[in-house]
Amino acid sequence: MVRDLAALPKAHLHLHFTGSMAPATLVELAAEQQVSLPDSLRAAVGPQAALRLPADERGWFRFQRMYDAARAVVRSESAMRRIVREAAAADAAEGSRRLELQVDPTSYAPFVGGITPALEIVLDEARSASAATGVEVAIIVATSRTRHPLDARTLARLAARNASDGPGGVIGFGLSNDERRGDTSEFAGAFQIAARAGLALVPHGGELLGPDHVREVVAHLHPDRLGHGVRAAEDPELLDRLVADGIAFEVCPASNVSLGVYAEPDEVPLTRLHAAGAQIALGADDPLLFGSRLLDQYEAARSVHGFSDAQLADLARSSIRASRASESTTTQLLAEIDDWLAQPDD
Ligand SMILES: [Zn+2]
């Protein structure tokens, strides 16, 4: 008998709105909207799927095309609500107690009357889902590297106006899409707006590109957490500095392998990051396309990387500490993690 990882309380800090969908939901929404899904996407979400793309621009292009096709089935308020509700329910079943879900409301604005209503729908459903599942669902508004920096500022202002630590509040601001796109420094203005509103700054960085890009993201955007950041492990000095500065890492092992950053799961530098004292929050990123959810990342830490239960409890603690959960929630969850580890494991 081993300790049940689904019973280990944890926070899920790297999950995208569209990418959180279950394959069955994607298929049902497509049927509802009479949208036909491209074969590549159908294959990628099938039961035997194991997406393995090359880590170059062509690989990203294929990923982005599938992602865009998935997003194209989300064309109504009810579909948006369903995605938030199901993400919270799936997290609840895996022992997540705090979900910080990342969304770019711009993508859904045309179907619901603008970015403000698009965000309000997500926030309202996050409140309902928190009450229904017991998972605290908070929202990260994320802009994309493919958008104009002025649009990013508009989105940052919207995020700032909705900043709240309560359930269904905006707690963070992110920057996603291909790390090779856009000029990082041009997004500094948007991140300053978010910082003034007290939001957590959580840009992607250090997955597709290496240490130099991580340095750029840190210099211009002053992140509290790095979306991924795994490739900082290639530069021990940089890694030490990030750890000393308290910048947390949202590590998504399945994503790294699917996007070709590492050829095999055991090459994800989880052990190196943990040994360096990094604050790590495991995340699923886009389970729809990567074929595994939050719990699978913890299972992989155990089975692929040989983490002991004490080390797995460490990962869970650091996910809670890296989250924007309140003091009282944090204290409660850390105590429950101690209880989990105190159970006999025979
Ligand atoms: Zn991501």
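The following paragraphs lead through a predicted model, from its metal site to its sheet, its internal space and two backbone details.

The zinc ion offers a starting point. Its ligands are His14, His16 and His204, each through NE2, together with Asp285 through OD, at 2.1 to 2.3 Å. Along the sequence these donor residues follow the spacing H-x1-H-x187-H-x80-D. His16 belongs to strand β1 (residues 10-16) and His204 to strand β6 (residues 204-205), so this pair ties together parts that are 188 residues apart in sequence. Both of these histidines, His16 and His204, are buried. The geometry of the site is classed as irregular, with angles among the four donor atoms of 87 to 175°. The upper value explains the class in part: a tetrahedral site requires all angles to lie between 85 and 135 degrees, whereas the angles at the zinc ion extend to 175°.

Strand β6, which carries His204, leads on to the sheet. Four strands form an open sheet in the order β6-β7-β8-β9, with parallel pairing. The edges are occupied by β6 and β9 (280-282), each having a single partner strand, so one side of each is left without a neighbour in the sheet. Between β7 (residues 225-228) and β8 (residues 248-251), three bridges make up the parallel pairing. Within this part of the sheet, Gly227 stands opposite Glu250 in β8.

Two residues in the region of β7 deserve attention for their backbone. His228 lies in strand β7 itself, and its phi is near 85°, a positive value in a residue other than glycine. His222 likewise is not a glycine, yet has a positive phi of about 50°; this residue is found in the loop between α9 (211-221) and β7. What separates the two is their surroundings: His228 is buried, with a relative accessible area of 1%, while His222 counts as exposed at 54% relative accessibility.

The open space of the model can be considered next. The largest pocket has a volume of about 620 Å³. It is lined by 34 residues, and the closest to its centre are Trp60, Gln64, Arg71, Ser176 and Asn177. Helix α3 (57-71), strand β2 (96-103) and strand β3 (136-144) each supply at least two residues of this lining, and α3 gives the most, with nine residues. In chemical character the lining divides into 11 nonpolar, 11 polar and 12 charged residues.

The second largest pocket holds about 300 Å³ of space. Among its 19 lining residues, Ala254, Val257, Pro265, Phe290 and Ser292 lie nearest the centre. Helices α11 (253-258), α13 (287-290) and α14 (294-303) each supply at least two residues of the lining, and the greatest share, four residues, comes from α11. Here the division is 12 nonpolar, five polar and two charged.

Enclosed space completes the picture. The count comes to one cavity of 30 Å³ or more, with about 30 Å³ of space in the largest cavity. The residues that line the largest cavity are Leu53, Pro54, Ala55, Asp56, Gly59, Trp60, Arg180, Leu208 and Leu259. By class, this lining has six nonpolar, one polar and two charged residues. Trp60 thus appears in the lining of the largest cavity and is also one of the residues closest to the centre of the largest pocket.

Terms used. Residues are numbered from 1 along each chain as its sequence is written. This is a predicted model: local features need pLDDT of at least 70, side-chain atom pairs count only at pLDDT 80 or more; totals for chains, interfaces and linings use all residues. Side-chain values use heavy atoms; hydrogens and water are left out. Donors are N, O and S atoms within 2.8 Å of the metal (3.2 Å for Na, K and Ca); water is not among the atoms, so sites may look incomplete. Four donors count as tetrahedral if all angles lie between 85 and 135 degrees; four count as square planar and six as octahedral if opposite donors are over 155 degrees apart and all others between 65 and 115; anything else is irregular. Buried means under 20% relative accessible area, exposed over 50%, partly exposed in between (1.4 Å probe, protein chains only). Two strands pair if DSSP finds at least two bridges between them. On a 1 Å grid over the protein atoms alone, a cavity is a set of points where a 1.4 Å probe fits but cannot get out, and a pocket is an open set with protein on both sides within 12 Å along at least five of seven lines; lining residues have an atom within 4 Å of a point. Grid points are joined across faces, edges and corners, and a volume is the space filled by probe spheres set on the points. Ala, Val, Leu, Ile, Met, Phe, Trp, Tyr, Cys and Pro count as nonpolar, Asp, Glu, Lys and Arg as charged, and the others, Gly among them, as polar.
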